Amino acid sequence: MEGPLPHLLLLVLIFLLHAWRGCCHPQCLDYKPPFEPRQPLVFCKEYSKFGCCDLEKDGEISVRFYKIMENFDHSGYVTCGKYMRSILCQECSPYAAHLYDAEDANTPMRMLPGLCGDYCSEYWHQCRYTLSLLLEDLGSPQQFANLTATIEEDRRRFCDFLVLKDNQYCYPNVVTNAELNANLGFVREDPKGCLELCLQEVANGLRNPVAMIHADDGTHRFFVAEQLGYVWVYLANGSRIDRPFLNLTRAVLTSPWAGDERGFLCIALHPRFTTVRKAYVYYSVSVKKEERIRISEFTLLIHDDNQLDHSSERTILEVVEPASNHNGGQLLFGHDGYLYIFIGDGGRAGDPFGKFGNSQNKSALLGKVLRVDVEDNDNGAPYSIPSDNPFLWEKDARPEVYAYGVRNMWRCSIDRGDPATGRGRGRMFCGDVGQNKYEEVDLIVKGGNYGWRAKEGFSCYDRKLCQNSSLDDILPIFAYPHKLGKSVTGGYIYRGCQMPNLNGLYIFGDFMSGRLMSLKENVTTGEWQYNEICMGTDQTCRFPKLINSYYKYIISFAEDEAGELYFLATGVPSATARAGVIYKIVDPSRRAPPGKCNIKPSPVKIKGKLIHFHPKEAFTTPRLPYWNQKPTASDYKPQRPPINTTLLKSQEEKLWLGEKQEIAGEGNQVFKRPRGRGRGRGYKRGRGLRVGSVRLVSADGLSDRGRVEIFIRGEWGTVCDDLFSNKAGTVVCRQLGFTTALAVMKRAALGEADRSVRILLDDVECEGGERSLLECKRSRVGKHNCSHGEDVGVICG
């Protein structure tokens with residue numbers, strides 16, 4: 001090969017290898033965090049404790065290595081084997097995504113991992129002629145023969161091709177960097193010790209979501225209650241059934257004003273829901289102008305597992321509320337099968353009712369934890385009293401009382417126990433909202449006195465009661481002052497499978513300050529260590545579907561059937577504002593090994609329609625970014641990382657990269673995309689195009705990626721990302737002459753069109769074999785419920 005073409009080819013390959021990079025973080029080539037393999041690796045042994053390969057992938061790399069080494073005699077094997085093995089095994093490195101420039105799906109991935117300069121020079125001196133062997137199974141051997149021949153004799157060109165300019169994170173420096181690897185695989189902390197986690201949005205558009213529960217029936221459904229009085233069913237795939245599980249909006253007492261504590265507050269399903277088919281609810285009502293708390297029982301409809309029989313309501317208990325605040329609001333079933341009811345102290349301030357207040361008065365139900373038995377109650381009283389309730393035989397005490405001295409417990413949970421040892425199983429954690437100074441977290445035990453109104457947190461509130469030697473109160477496991485937050489929201493101990501680092505961590509929050517917090521028990525001393533939780537940086541949370549901001553008002557926490565944790569928050573704390581979102585808590589530093597956490601939800605018979613979930617593209621209310629930083633414009637607008645805009649000057653160069661000119665439809669007409677966003681100068685309607693032709697609009701001049709536009713009724717228009725999957729992306733790419741879609745980019749990640757461009761398609765669902773998007777299942781042309789902020793884009797290959 002003569003002339004400038006070899007140099008151009010080299011530039012092209014360097015372009016592929018040296019794409020944009022940000023700060024390095026552990027990430028695998030599948031855009032997920034590293035993990036500890038379930039079985040030790042045999043070939044790339046150095047990554048047996050933590051990396052990106054399981055035993056199967058390790059075996060594939062081993063086969064590839066020995067196939068390459070068949071080309072060597074004994075001397076060459078000894079000299080070059082170590083280089084071949086080290087380079088191939090970087091797919092297993094916890095920093096594989098950085099070494100291969102694969103942290104961003106919008107940029108081309110390197111063919112080989114990035115090497116450090118000294119190591120590359122050593123490799124060139126010892127085994128320079130092996131480069132073609134490493135490349136040949138990545139494409140046609142002939143394709144790379146001429147290129148490697150031009151650079152194998154020139155050390156500078158050779159290392160320009162292989163070196164990663166980031167000297168700290170290239171191989172082998174990334175392995176030997178002690179500071180970088182000191183806490184590798186553990187939850188990342190900022191300099192102040194704040195745990196850096198990320199979030200995944202799983203539901204939105206809710207009106208003050210107060211509770212989320214599951215049925216523990218294998219379906220992995222979850223049920224979400226709104227303060228207004230609705231309960232909705234969400235399936236394991238995130239879609240919602242359009243018919244409410246329960247609608248009590250006509251009975252529930254609440255109001256639109258922000259901060260109203262009354263309303264539908266909780267729901268609990270019978271622990272044997274599949275057979276007993278009963279649900280229990282806790283809500284505020286007004287009876288003859290008297291405010292009350294009502295605990296009711298409902299039965300599931302006979303022919304619909306996703307709707308309660310509204311006519312089956314049976315009142316279990318009613319308690320008169322002297323004020324409109326401090327309503328409590330928790331129902332849950334313990335591992336003993338009994339129903340626990342958590343009721344506030346009656347409201348106002350300082351529990352002013354009677355000589356000692358409601359909370360210290362065991363003859364009152366207010367300010368208490370109650371325990372009742374609702375089993376086999378169809379033909380008798382709505383509940384009975386468990387025989388071991390602590391005050392069953394105490395004169396004047398209500399037999400329902402299980403614990404007392406609580407102020408206004410908001411969100412309690414039961415510990416599932418350590419997955420391996422079972423330690424901690426059955427423990428009951430509660431957040432108790434404080435008065436003027438402190439919020440607290442308590443462990444609830446039978447017969448316990450939690451101190452209110454004598455104490456608030458660890459300090460005295462009513463000094464006379466506090467000095468009473470008969471108080472014998474149980475202190476909180478943790479209390480915090482009002483400079484950190486003014487309304488605790490109790491959480492859960494993490495016992496799920498997907499985030500092994502979080503096992504045993506109690507995660508909770510504060511409604512007023514929006515602060516996320518955690519406690520970790522020292523099993524030797526029994527003390528609980530506090531760590532704040534902050535959102536990871538943009539780079540830390542740079543994984544598909546993850547975000548690092550949330551709405552401030554943390555209403556509740558939840559646990560799904562598999563044990564993963566969530567919290568429910570809103571941007572407007574009103575029962576009528578559709579500003580509520582549910583977030584899944586995600587640790588970006590480590591995941592469970594592939595295959596360990598697979599679940600197969602049981603089928604659910606649906607009556608009605610499914611409403612598919614779509615994450616919000618834009619924020620209409622300020623969200624809370626990671627702590628101690630004020631929101632900026634970047635917190636409210638999806639950011640597109642810089643993309644190398646090197647242009648390929650000839651069709652021959654494009655074909656060298658396996659790229660093809662964009663062919664719109666079957667007319668083989670080549671269209672150059674406008675360099676601006678949407679319609680700009682030079683934007684013309686297509687002529688002679690077939691209906692259904694597609695093109696990729698890229699502001700960066702790249703032919704293999706861009707915003708999807710389709711030609712219908714004589715004009716080009718965009719496609720919404722709702723339901724748009726990789727199969728639909730493949731239909732687009734095949735129309736343009738590519739083989740497949742490497743990635744589907746949502747939320748206008750590859751650019752959004754301006755308002756003059758119409759949105760033509762929405763809700764596109766393809767099987768992958770269609771000739772055009774018009775042959776796929778979709779909404780009617782021009783009918784949509786999205787904005788250009790949801791323009792879909794694809795990357796073809």
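Strands, in the sense used here, are DSSP runs of E that span at least two residues and are numbered from the N terminus, while helices are runs of H or I with at least four residues. With that in mind, K783 can be placed in the loop between strand 36, which covers 759–761, and strand 37, which covers 793–796. The model in which this loop appears is a predicted one.

Taken as a whole, the protein chain contains 14 helices and 37 strands. It has 797 residues, and 59% of them count as buried. Among the contacts in the protein chain with a separation of 6 or more, 64% are accounted for by residues that stand 24 or more positions apart. Toward the outside, the protein chain exposes about 34500 Å², of which carbon and sulfur atoms supply 49%.

The surface offers two places at which to begin a closer look. One returns to K783, which gathers with K609, R713, R778 and R780 in a surface patch of positive charge. The other is a nonpolar patch, formed on the surface by Y66, Y77 and V78, whose accessible area together comes to about 290 Å². Within this nonpolar patch, Y77 belongs to helix 3, made up of residues 74–88. Is Y77 buried, exposed or partly exposed? Y77 counts as partly exposed, because its relative accessibility is 33%, and partly exposed is the class between under 20% and over 50%.

From the surface the path leads inward to V202, a residue of strand 1, which runs through residues 195–206. V202 has a relative accessible area of 13% and is therefore buried, since buried means under 20%. Which residues does V202 touch, once its neighbours within four places in sequence are left aside? The contacts of V202 are then with Y566, I582, Y583, K584 and F613. One of these partners, Y566, is 364 residues away from V202 along the chain, and yet the C-alpha atoms of the two are separated by 9.1 Å.

A further buried position is found at F508, which lies in strand 22, the stretch of residues 505–510. Because its relative accessibility is 0%, F508 counts as buried. F508 can also be viewed together with S556, for the two are 48 residues apart in sequence, while in space their C-alpha atoms are 8.7 Å apart.

Note on methods. Residues numbered from 1 in each chain as written. Predicted model: local features only at pLDDT ≥ 70, side-chain atom pairs only at ≥ 80, totals over all residues. Heavy atoms only, no water. Patch = residues over 30% accessible without salt bridge, like charges linked within 9 Å, V, L, I, M, F, W, Y side chains within 5 Å. Areas by Shrake-Rupley, 256 points an atom, 1.4 Å probe, with all protein chains shown as cover. Salt bridge = Lys/Arg side-chain N within 4 Å of Asp/Glu carboxyl O. Lys, Arg positive; Asp, Glu negative; His and termini not counted. Charge placed at Lys NZ, Arg CZ, Asp CG, Glu CD. Buried < 20%, exposed > 50% of the residue type's maximum accessible area, 1.4 Å probe, protein only. Contact = heavy atoms within 4.5 Å.
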